[in-house]
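Here are my notes on the model you sent, set out as numbered points. They concern one strand and its partners, and then a few charged pairs.

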Amino acid sequence: MGKKANPETMGFQTEVRQLLHLMIHSLYSNKEIFLRELISNASDAVDKLRFEALANPDLLTGDSELNIRVVLDKEAKTIAITDNGIGMSRDDLIENLGTIAKSGTADFLQQMTGDDKKDAQLIGQFGVGFYSSFIVADKVVVETRRADLEATDAVRWESDGQGEFTVEPIEREERGTTVTLHLKESEAEFSEALRLETLIRKYSDHIAFPVLLEDTTDDEKGSRTVNSATALWMRSRSEIDDDEYKEFYKYLSHDFVDPLIWSHNRVEGKREYTSLLYIPAQAPFDLWNREAPRGLKLYVQRVFIMDDAEQFLPLYLRFVKGVIDASDLPLNVSRELLQNNPQLAAMKTAMTRRILDMLAKLAGAESKEGREIYQKFWKEFGQVIKEGVVEDSQNTDKLMKLLRFTTTHSEGDRQDQSLSDYVGRAAPEQDKIYYLLADNHATAKSSPHLEQLTKNGIEVLLLADRIDPWMVDHLSEFEGKSFQDVGRGQLPLPEGDGAVTQETMNEEYKPLLKKVQKKLKDRIATVNVSQRLIDSPACVVTAEQDLTPQLRRMLEASGQQLPDSKPNFEINVEHPLVQRLATEKDDERFGQLSNILLDHALLAEGAQLENPAAYVQRMNSLLLELDAHGTK
Ligand code: ADP
């Protein structure tokens, strides 16, 4: 295909338009971050070139000193950022600077509120990137040539950030990219050399390549290197202050909120590597997309190898950001090789432990502020840590200490209690940790299953997250206490006198139980006199071997066919309604009342009635009867 001589005009993808619009407004108070984003892109491009040059050294010919140059032209009011990195082809350019590839972006943008402060937080989770240039520039020009293409294959991209951009072929001798920002009238501050230099140093001191600044109106100074050009993770911990660590995190993650905590370590000996791992303060918008890119930036002896190296951490730690620089992996290591590298398993174990220890430190804070910080972490990432309980049985003990629950002691539905808190409050003879599964907090809180326990002052974990039924399946014991589902099987209470077995309890009510069983035989497995109930007349209980109703509902909703299962039914023989039932002589009415008791027990537990219309009929005839009594 012949090249078009004239600029070709194209439209931004809808999501890009929305993002541009939002970004310009909501990030205005953080506007200088455009520099961080552009320097970060330039440094990635140089990293990628160095990586490709391992296999193809010709790419470096004629220009082997990798660097980033910033040229300030005060008169023209432009800042140009040039890298001699990998560059982009025409297709790359259109794809990279005209669309957003992250899946879920459209949904994400829907959540924007129009409140700049809140939106700024949200965009932070998204990662800002190149488009942030338009916060300060009313025109951006990108000229680029991919390192492995000819000078005549270079391209120029230009946009005012309003909805369209143009692309045209150009000639460019040198490989790499120049991004030129034409500053808005109002952004004169960035054309002050000193201000620019300070910002560039702040945003680039930790990257491994020299960043040079040239001020075209100041011949004397020429161009000078403004950063120290040593990769941050290679410096010793004692030389790095917190601000530098935070800045490096933002550079890595494109997040602009500080991380919660980090851990920087050099491992020496048989396997040598340096890792710098960060826990973000807020979850990325695509945390729930298990396919989203994740993982660490991998370097081998300071040479960038790949982004999103997911082999170093388990899936549930997908929110961790950071760098790993391994000394003894081969430079030509690929994803496939990583998959099969025996060294890696050991590194993965060690890094997982490091992160869990870091979180344990955060979780163990005694001070009020410390607890709040962990609470914040839990709110953002607790669900993912619960996945860890399911997926990583090697670390169950560490993970259990990180869990936080809403319990009958919590303030509202805050997940603010640890298992140690629970055990600390339990009576010494209580050998179980009681939990209740429900579809949501309100159902849990008012569940009939809690009645006897609450009366006895026994705390119960209220589990209403989607993952909870799976998670509790993987919890066997904590500090010698086993876990007990209060909605399942028999419920022996700690202080209850062990002599009263279910059989003895049932003995006295045998005829009643038999009649109820007969009437409800299609809907229940068994019926027993309840030991759990105080205020409610009846409840349903999961049989010892059955799936919990929550899990069953979820599996069914996802289209799975499950074998039928009937719940156990329990009645509270102290309750007036049950006593009324016991005295009912009319067989049909007895059946109706029994069914209604069961309907209500199911509704209280959050179930959907199999035949709601039948229930409504039963209720209606009862109400009519009530009326007949009333008017008698
Ligand atoms: P992100 O950096 O988060 O991927 P950006 O919007 O900043 O998002 O950039 C989109 C893509 O454009 C980058 O992933 C990269 O492939 C490409 N790109 C941006 N700047 C450069 C550059 N200076 N050199 C080469 N490619 C670049």
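1. Please keep in mind that this is a predicted model. I begin with Arg-488, which is buried because its relative accessible area is 14%, under the 20% limit for that class. Its salt-bridge partner is Asp-485, and the closest N and O atoms of the two are 3.7 Å apart. Asp-485 is also classed as buried, since its relative accessibility is 6%.

2. A second pair joins Arg-146 and Asp-148, with 2.9 Å between the closest N and O atoms. Here the two partners fall into separate classes of exposure: Arg-146 is buried, at a relative accessible area of 18%, whereas Asp-148 counts as partly exposed at 43% relative accessibility.

3. A third pair deserves attention for where its members lie. Glu-391 and Arg-290 form a salt bridge in which the closest N and O atoms are 3.2 Å apart. Glu-391 belongs to helix H10 (residues 368–391), while Arg-290 sits in the loop between strand S11 (273–279) and strand S12 (296–300), so the salt bridge ties together parts that are 101 residues apart in sequence. Glu-391 counts as partly exposed, with a relative accessibility of 37%, and Arg-290 counts as partly exposed as well, at 39%.

4. These pairs belong to a longer list, for the count comes to 41 salt bridges in the model. As general background, side chains of opposite charge can pair when their charged atoms come close. Some of the charged residues are joined beyond a single pair: Lys-139, Glu-143, Arg-156, Glu-158 and Glu-168 are linked in a network of salt bridges.

5. How many of the 8 residues of strand S7 are buried? The number is 7, so this strand, which covers residues 176–183, is largely enclosed by the rest of the structure.

6. Strand S7 has antiparallel pairings with two strands that I would look at together. With strand S3 (residues 78–83), strand S7 pairs in the antiparallel sense over 6 bridges, and within this pairing Ile-79 stands opposite Leu-181 of S7. Strand S4 (residues 137–145) also runs antiparallel to S7, and 8 bridges join these two strands. Glu-143 has Thr-178 in S7 as its bridge partner, and Glu-143 is also one of the residues in the network of salt bridges mentioned above. When inspecting these strands, recall that in a regular strand the side chains alternate between the two faces of the sheet.

Technical notes. Residues numbered from 1 in each chain as written. Predicted model: local features only at pLDDT ≥ 70, side-chain atom pairs only at ≥ 80, totals over all residues. Heavy atoms only, no water. Buried < 20%, exposed > 50% of the residue type's maximum accessible area, 1.4 Å probe, protein only. Helix = DSSP H or I, 4+ residues; strand = E, 2+ residues; numbered from the N terminus. Pairing = 2+ DSSP bridges. Salt bridge = Lys/Arg side-chain N within 4 Å of Asp/Glu carboxyl O.
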